[in-house]
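Visitor: I have this one open on the screen now. Can we go through it piece by piece?

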Amino acid sequence: MLRVESLSKIFSKGSTNEKLALRDVNLSLGEGEFVTIIGGNGAGKSTLMNCISGVYEIDNGRITLDSTDITFDPEYKRSRHIGRVFQDPLRGTAHDMTIEENLSIAFAKGKSVGLQAGVSKKDINLFKERLQLLDLGLENRLKHKVGLLSGGQRQALTLLMATIIKPRLLLLDEHTAALDPTIARKVLSLTRKIVSEEKLCTLMITHNMKASLEYGTRTIMMHEGRIMMDLQGHERKDMTVDRLIEQFEKRSGAELDNDRMLLG
Ligand SMILES: Nc1ncnc2c1ncn2[C@@H]1O[C@H](COP(=O)(O)OP(=O)(O)OP(=O)(O)O)[C@@H](O)[C@H]1O
């Protein structure tokens, strides 16, 4: 489904601040594969997501989605097939619009232009059905403005919006990091449910090492712009947070410097 080949990204090229943020990254994800990404500060995790989603142009390499080369597609074109949820709960929804209006906009992404106007009874029923999955009572608040929701409710809604039309790829950039632990767990289990039911090809950055092993089907660890560990199958199943830190330090020759990761 997703294939990243020899991907390199350089910031401030040719200047004294030149930074090689991604170095020859190769990554392939199959259908329904749910990959968690961890790594120290500045390892290149967000840059990788930004290159895949088209926020940044790349300096070398190729990105294909379902065998279509998207390397040079602009971000808006990729967003038709790529769902994304950011850390900031305010980012994925329009606070001045109702839950129904927000969902309608997300839902219209999958319709051809002529069919976008208006929300049918059938659409409303679908929205209610999907909102029920969240178990937050939002199905009874369709006409409420999104600005009235808590951060966690808003992030759960954003996740629903990113997946209401099945994306070919779902990118989650620390989407639970700004939530309190209880609602973060709820959003994470909802993520797991949606990803597995819809068989979504998913990349999730997390600073929580425990969550990186607990959620998803595969874990990659990045360091200095490279993928330095790719855990799956038995190796992942038997992995613990302590051993993961040990392996990281052994392979990188560096100490893990991400306080949020260690504290998480
Ligand atoms: N827009 C930018 N301009 C210049 N340098 C950048 C830019 N974005 C990222 N970088 C640099 O590229 C490197 C990788 O950054 P990135 O944000 O991808 O790391 P990360 O793994 O997501 O880190 P963190 O966990 O701290 O968020 C860092 O050295 C960072 O300073």
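Visitor: Which residue stands opposite threonine 64 in β5?

Guide: That is aspartate 69. Keep in mind that this is a predicted model.

Visitor: How many bridges link β4 and β5, and in what sense do they pair?

Guide: Two bridges, antiparallel. The two strands form a hairpin with two residues between them.

Visitor: What is the phi of aspartate 66 in that turn, positive or negative?

Guide: Positive, about 50°.

Visitor: What order do the strands of the open sheet have?

Guide: The order is β2-β1-β4-β5, four strands with antiparallel pairing. The edges are β2 and β5 (68-69), each of which pairs on one side only.

Visitor: And β1 with β4, over how many bridges?

Guide: Five, again in the antiparallel sense. In that part of the sheet, leucine 2 stands opposite leucine 65 in β4.

Visitor: What about β1 and β2, how many bridges there?

Guide: Seven bridges join β1, residues 2-11, to β2, and the pairing is antiparallel. One pair to look at is leucine 7, whose bridge partner in β2 is valine 25.

Visitor: Which strands does α1 lie across?

Guide: Helix α1 lies across β1, β2 and β4 (60-65). With respect to β2, the helix runs at about 65°.

Visitor: Switching to the ligand. Which residues come nearest?

Guide: Phe11, Gly42, Lys45, Ser46 and Thr47, out of 13 residues around the ligand.

Visitor: Which elements each supply at least two residues of that shell?

Guide: β2 (19-29) and α1 (45-53). The largest share comes from α1, with three residues.

Visitor: How does the shell split by class?

Guide: Eight residues are polar, three nonpolar and two charged.

Visitor: Zooming out, how many helices and strands does the protein chain have?

Guide: Ten helices and ten strands.

Visitor: What radius of gyration does the chain have, and what would a compact globule have?

Guide: The chain has 19 Å, and a compact globule of 264 residues would be near 18 Å, so the two agree. Along the principal axes, the C-alpha atoms fill a box of roughly 60 × 40 × 35 Å.

Visitor: What percentage of the residues is buried?

Guide: Buried residues are 38% of the 264 in the protein chain.

Visitor: Last one. What share of the contacts with a separation of 6 or more joins residues 24 or more positions apart?

Guide: 70% of them in the protein chain.

Technical notes:
Residues numbered from 1 in each chain as written. Predicted model: local features only at pLDDT ≥ 70, side-chain atom pairs only at ≥ 80, totals over all residues. Near = placed C-beta within 6 Å. Nonpolar A, V, L, I, M, F, W, Y, C, P; charged D, E, K, R; others polar. Rg over C-alpha atoms; globule rule 2.2 N^0.38 Å. Buried ≥ 20, exposed ≤ 12 C-beta atoms within 10 Å, placed from the backbone. Contact = placed C-beta atoms within 7 Å. Pairing = 2+ DSSP bridges. Axes fitted to C-alpha atoms, helices over the stretch in contact; angles between N-to-C directions.
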